[in-house]
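Q: I would like to learn how to read the features of a protein model. Could we work through one together?

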Amino acid sequence: MFVLELSYTAPLDRVDAVLGEHVAWLDAQYAAGVFIASGRKNPRDGGVILAVGDDRAAIERLAATDPFAVQGVCAYRITEFIATKTSDALAPYRQQL
């Protein structure tokens, strides 16, 4: 599992100009089963995405296709972790050491 932390590198007016494309990209990743949660940080200086997958390189390549990244309005920090405990709703994503 991966935590993708987005930090805005441009003013919010530039971020907002790309927001529609970013949301469409998010929707595609939800439909593909890669993303399971996402949202803005508070204060609004970026966002967080919770993603599932076994291949860090694939997640990094995917993040590079985000319109926010393509347009240069955010930077990604990707943290991989092993989800050994989850809520019952996330049980399909539990991992073993």
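Q: How much space lies in the largest pocket?
A: The general idea comes first. Rolling a probe the size of a water molecule over the atoms shows where empty space is left. Here the model is a predicted one. Its largest pocket holds about 180 Å³ of space.

Q: Which residues lie nearest the centre of the largest pocket?
A: They are Y8, H22, L26, G39 and R40, out of 14 lining residues. By class, the lining has 8 nonpolar, 5 polar and 1 charged residues.

Q: Which elements each supply at least two residues of that lining?
A: Strand 1 (2-8), helix 1 (12-31), strand 2 (35-40) and strand 3 (46-51) do.

Q: How do the side chains along strand 1 point?
A: In a regular strand the side chains alternate between the two faces of the sheet. Strand 1 shows this alternation. On one face are F2, L4, L6 and Y8, which are buried. V3, E5 and S7 point to the other face and are not buried.

Q: Which strands pair with strand 1?
A: Strand 3 pairs with strand 1 in the antiparallel sense, over 6 bridges. One residue to look at is S7, whose bridge partner in strand 3 is G46. Strand 4 also runs antiparallel to strand 1, and 7 bridges join the two. Here Y8 stands opposite C74 of strand 4. Y8 is also among the residues nearest the centre of the largest pocket.

Q: How are strand 2 and strand 3 joined?
A: A hairpin links them through 5 residues. The two strands pair in the antiparallel sense over 5 bridges. For an example, take S38: its bridge partner in strand 3 is I49.

Q: Which residues have the most contacts inside the largest nonpolar core?
A: L4, F35, I49, A51, I59 and F68 do, in a core of 20 residues. Two or more residues of this core come from each of strand 1, helix 1, strand 3, helix 2 (56-63) and strand 4 (74-80).

Q: What is F35 in contact with, leaving aside its neighbours within four places in sequence?
A: The list is W25, L26, Q29, Y30, I49, L50, A51 and L62. Among them, I49 and A51 also rank with the residues that have the most contacts inside the core.

Q: Is Q29 buried or exposed?
A: Take the cut-off first: buried means under 20% relative accessible area. Q29 has 11% relative accessibility, so Q29 counts as buried. Its place is in helix 1. Leaving aside neighbours within four places in sequence, Q29 is in contact with V34, F35 and L62.

Q: Where does V34 lie?
A: V34 is in the loop between helix 1 and strand 2. Its relative accessible area is 18%, so V34 is buried. Not counting residues up to four places away in sequence, V34 touches Q29, L50, A51, V52, I59 and L62. V34 and L50 are 16 residues apart along the chain, and their C-alpha atoms are separated by 8.6 Å.

Q: Where does A10 lie?
A: The loop between strand 1 and helix 1 holds A10. At 13% relative accessibility, A10 counts as buried. Leaving aside neighbours within four places in sequence, A10 is in contact with V15, G72 and V73. The C-alpha atoms of A10 and A75 are separated by 9.8 Å, with the two residues 65 apart along the chain.

Notes:
Residues numbered from 1 in each chain as written. Predicted model: local features only at pLDDT ≥ 70, side-chain atom pairs only at ≥ 80, totals over all residues. Heavy atoms only, no water. 1 Å grid on protein atoms, 1.4 Å probe; cavity = no way out; pocket = protein on both sides within 12 Å on 5 of 7 lines; lining within 4 Å. Points joined across faces, edges and corners; volume = space filled by probe spheres on them. Helix = DSSP H or I, 4+ residues; strand = E, 2+ residues; numbered from the N terminus. Nonpolar A, V, L, I, M, F, W, Y, C, P; charged D, E, K, R; others polar. Buried < 20%, exposed > 50% of the residue type's maximum accessible area, 1.4 Å probe, protein only. Contact = heavy atoms within 4.5 Å. Pairing = 2+ DSSP bridges. Core = buried A, V, L, I, M, F, W, Y, C linked by side-chain atoms within 4.5 Å.
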